[in-house]
Amino acid sequence: MLELAFEKEVVKTLTTGSNQWVERKDLYGATPDQLWANFRDKLNNNNYAKLQGHPLTDTEFNQVKRAIEVPTPYDAAKLLAAENGSKFPQLRFAGFADDWEERKLGEFSDVRDGTHASPKYVSQGYPMVTSKNLTHSGLDMTDVSFLTDEDFNEINKRSKVSIGDILFGMIGTIGNPVIVDRDDFAIKNVALIKEKTSNPMTNKWLLQYLKSPSFNRFIQKENAGGTQKFIALGLIRDMKLRVPEFDEQQKIGAFFKKIDETIALHQRKLEKLQELKKGYLQKMFC
């Protein structure tokens, strides 16, 4: 029931007002052939002037399918959504129409990294966070080493973490961005992104971008590692991305935050069910 209610809310959000998306109930349960036919209709409509009013013939449409080299009508539809030149995304909330501005990340955000040194660890002290502590569900502090007060303060001269900052792995495991809700630790070999007041870009929006396929493609293209993967701080600062106005950032950030919270809720339920099953298996078999 929770999933159904959430799905209905998402559909309502994406189809209300002046939004560019329309719910096509006539395509529910459509076969691949029917979806390809819908794609063909869109091509004909979008290119009416170029085609001089003559729809694509079967031969011409098959040539198009071979040329675009996509396996499904869904992938083909994404190409149509990108016809705007990628100055705005395939999907937007109602009320937003401005192009997204292309800038380098370092122009919007304060981008740093943690220490690359190997301090002496102690049995008690301040935690040292590395990429292994960054997970899809957030910061995991169950397996950390500890620093002395002196090393903690020295590392924080260049990379003091504040609540609301973004961290993601730069060496080995690249990515897994998280927004931190505590500041009592130091960092090693992870990127640190702080918001700038002069060029407002909210980290709540940026976090979702760093989880997107666009950022994953950037990582795959730019990581410089052989045996061990690595991405340089300079490349992160120079990464180009398209950024919406602040209000649209807020809307997008809140939308995905709600999805993340729903995923986390179901993950906790799944873990409880797995533990319950484990208990039954131990008691119900000899």
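Glu154 and Lys157 sit three residues apart in helix H6 (residues 149–159), so about one helical turn separates them. Their side chains meet in a salt bridge, with N to O at 3.1 Å. Keep in mind that this is a predicted model. Lys157 is exposed, at 66% relative accessible area, while Glu154 counts as partly exposed at 46%.

**Other salt bridges**

That pair has company: a search of the whole structure turns up 11 salt bridges. Asp58 pairs up with Arg40, and their closest N and O atoms are 2.8 Å apart. This one links distant parts of the chain, with Asp58 in helix H3 (residues 58–68) and Arg40 in helix H2 (residues 32–46), 18 residues apart. Asp58 itself counts as exposed, at 52% relative accessibility.

Then there's Asp184, which forms a salt bridge with Arg182. Asp184 is partly exposed, with a relative accessible area of 32%, and Arg182 is partly exposed too, at 29%. Elsewhere, Glu101, Arg103 and Glu107 are joined into one network by salt bridges that share partners.

Here are the three pairs side by side:

| Salt bridge | N to O distance |
|---|---|
| Glu154 and Lys157 | 3.1 Å |
| Asp58 and Arg40 | 2.8 Å |
| Asp184 and Arg182 | 2.8 Å |

**Patches on the surface**

Now for the surface. Asp98, Asp99, Glu245 and Asp247 gather there in a patch of negative charge. Glu245 belongs to the loop between strand S11 (240–243) and helix H10 (246–284). Why does Glu245 count as partly exposed? Its relative accessible area is 35%, and the partly exposed class runs between 20% and 50%.

There is a nonpolar patch on the surface as well, made up of Leu273, Leu276, Tyr280, Leu281, Met284 and Phe285. Together these residues offer about 690 Å² of accessible area. Phe285 is found in the segment after H10, and with a relative accessible area of 59% it is exposed.

**Two buried residues**

Moving inside, what does Gln249 touch? Setting aside residues up to four places away in sequence, Gln249 touches Pro200, Met201, Thr202, Trp205, Val243 and Pro244. Gln249 is part of helix H10. This glutamine is buried, with a relative accessible area of 1%.

Val190 is another one to look at. Val190 lies in strand S10 (residues 190–195) and is buried, with a relative accessible area of 0%. How far apart are the C-alpha atoms of Val190 and Gly114? The separation is 5.7 Å, although the two residues are 76 residues apart along the chain. Not counting its neighbours within four places in sequence, Val190 is in contact with Arg112, Asp113, Gly114, Thr130, Ser131, Leu134, Leu167, Phe168, Gly169 and Met170.

**The whole protein**

Stepping back, the secondary structure adds up to 10 helices and 11 strands. Of the 286 residues, 32% count as buried; Val190, with its 0% relative accessible area, is buried, as is Gln249 at 1%. Among contacts with a separation of 6 or more, 69% come from residues 24 or more positions apart. The protein exposes about 18,100 Å², and carbon and sulfur atoms supply 53% of that area.

Notes. Residues numbered from 1 in each chain as written. Predicted model: local features only at pLDDT ≥ 70, side-chain atom pairs only at ≥ 80, totals over all residues. Heavy atoms only, no water. Patch = residues over 30% accessible without salt bridge, like charges linked within 9 Å, V, L, I, M, F, W, Y side chains within 5 Å. Areas by Shrake-Rupley, 256 points an atom, 1.4 Å probe, with all protein chains shown as cover. Salt bridge = Lys/Arg side-chain N within 4 Å of Asp/Glu carboxyl O. Lys, Arg positive; Asp, Glu negative; His and termini not counted. Charge placed at Lys NZ, Arg CZ, Asp CG, Glu CD. Helix = DSSP H or I, 4+ residues; strand = E, 2+ residues; numbered from the N terminus. Buried < 20%, exposed > 50% of the residue type's maximum accessible area, 1.4 Å probe, protein only. Contact = heavy atoms within 4.5 Å.
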